[in-house]
Amino acid sequence: QEKSDKESYPESIPGFDVSEGVYRLGGNRKLYFSLISSFYDMCSGADTAVRAALESGDRAGATMKVHTIKGIAGNLSARALYTSAEHLQIAISGESDEALGAALTAFEKALAAVLSAIDGIRPVLSRSRSAAGTSDTPGALAACGKLEALLLQNDIDAFTALDELKSRLGADECGDMAEEIGRLMDSCAFDRAAGRSKKRAIASA
């Protein structure tokens, strides 16, 4: 007999609030673990890329990379990584090299800890990616972060971002949450739409 989702996937992962993350995805544990696997693929080496951008004077590029990771970490309830990325973003826009160095080191440590934790459950993640079907999970992660940022900025391009998010998820993974966000956007309630997107992350699990 096939095991239930709770039996098939770990209840906890260091650095992640699994219960909160799964709740944000409407209880879809398979999708949650598939997204974590995609996060690993997308963000391995990101710390090196951020440091290289800063060392070359490309603060805008570094900020964009950190912002992307912060959004994904928030969506997956990787709280320590989210906080360290947020602090690094602030430090990049500041004028203190000492504060920037400390924030970068903290970010690197938080990212390394999360990636190490994910690496420890790779067999489970391989199974979850197969079970998740044909949805474009790396693209969905990026689209989700983009949607949330545009909503917070009251940017009309959020409509395009929502369509992109829907297209990147399989039909079985699109639910009422995306429709609710769309209705809020139609009524220009972007702040409430952002709140719903933040609360349930991918917005169509």
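Reader: Is Arg79 buried, partly exposed or exposed?
Author: This is a predicted model, so keep that in mind throughout. Partly exposed runs from 20% up to 50% relative accessible area. Arg79 comes out at 49% relative accessibility, and therefore counts as partly exposed.

Reader: Which residue does Asp17 form a salt bridge with?
Author: Asp17 is itself partly exposed, at 24% relative accessibility. Its closest N and O atoms across the pair are 3.0 Å apart, and a salt bridge needs them within 4 Å. The partner is Arg79.

Reader: How many residues apart in sequence are the parts that Asp17 and Arg79 tie together?
Author: The two form a salt bridge. Asp17 sits in the loop between α1 and α2, while Arg79 belongs to helix α6 (residues 79-92), so the parts they tie together are apart in sequence by 62 residues.

Reader: Which residue is linked with Asp17 and Arg79 in a network of salt bridges?
Author: Asp17 and Arg79 already pair up at 3.0 Å. The network of salt bridges takes in one further name, Glu20.

Reader: What about Glu11, which residue does its side chain meet in a salt bridge?
Author: Glu11 is partly exposed at 45% relative accessibility. The N to O distance in its salt bridge is 3.6 Å, and the other side chain belongs to Arg29.

Reader: Where do Glu11 and Arg29 lie, and how many residues apart are they?
Author: They meet in a salt bridge. This pair links distant parts of the chain: Glu11 is in the loop between α1 (5-8) and α2 (18-24), Arg29 is in helix α3 (residues 29-43), and the separation is 18 residues.

Reader: Is Arg29 buried or exposed?
Author: Buried means under 20% relative accessible area. Arg29 has just 7%, so the verdict is buried.

Reader: Which helices hold Arg59 and Asp97?
Author: The side chains of these two meet in a salt bridge, 3.8 Å from N to O. The pair ties together parts 38 residues apart in sequence, because Arg59 lies in helix α5 (residues 59-75) and Asp97 in helix α7 (residues 97-119), which makes the helices α5 and α7.

Reader: And is Asp97 buried or exposed?
Author: Its partner Arg59 is partly exposed, with a relative accessible area of 31%. Exposed means over 50%. Asp97 has 59% relative accessibility, so call Asp97 exposed.

Reader: Zooming out, how many helices does the protein chain have?
Author: Read along the sequence, the pattern is α-α-α-α-α-α-α-α-α-α-α-α. There are 0 strands, and the helices come to 12.

Technical notes:
Residues numbered from 1 in each chain as written. Predicted model: local features only at pLDDT ≥ 70, side-chain atom pairs only at ≥ 80, totals over all residues. Heavy atoms only, no water. Helix = DSSP H or I, 4+ residues; strand = E, 2+ residues; numbered from the N terminus. Buried < 20%, exposed > 50% of the residue type's maximum accessible area, 1.4 Å probe, protein only.
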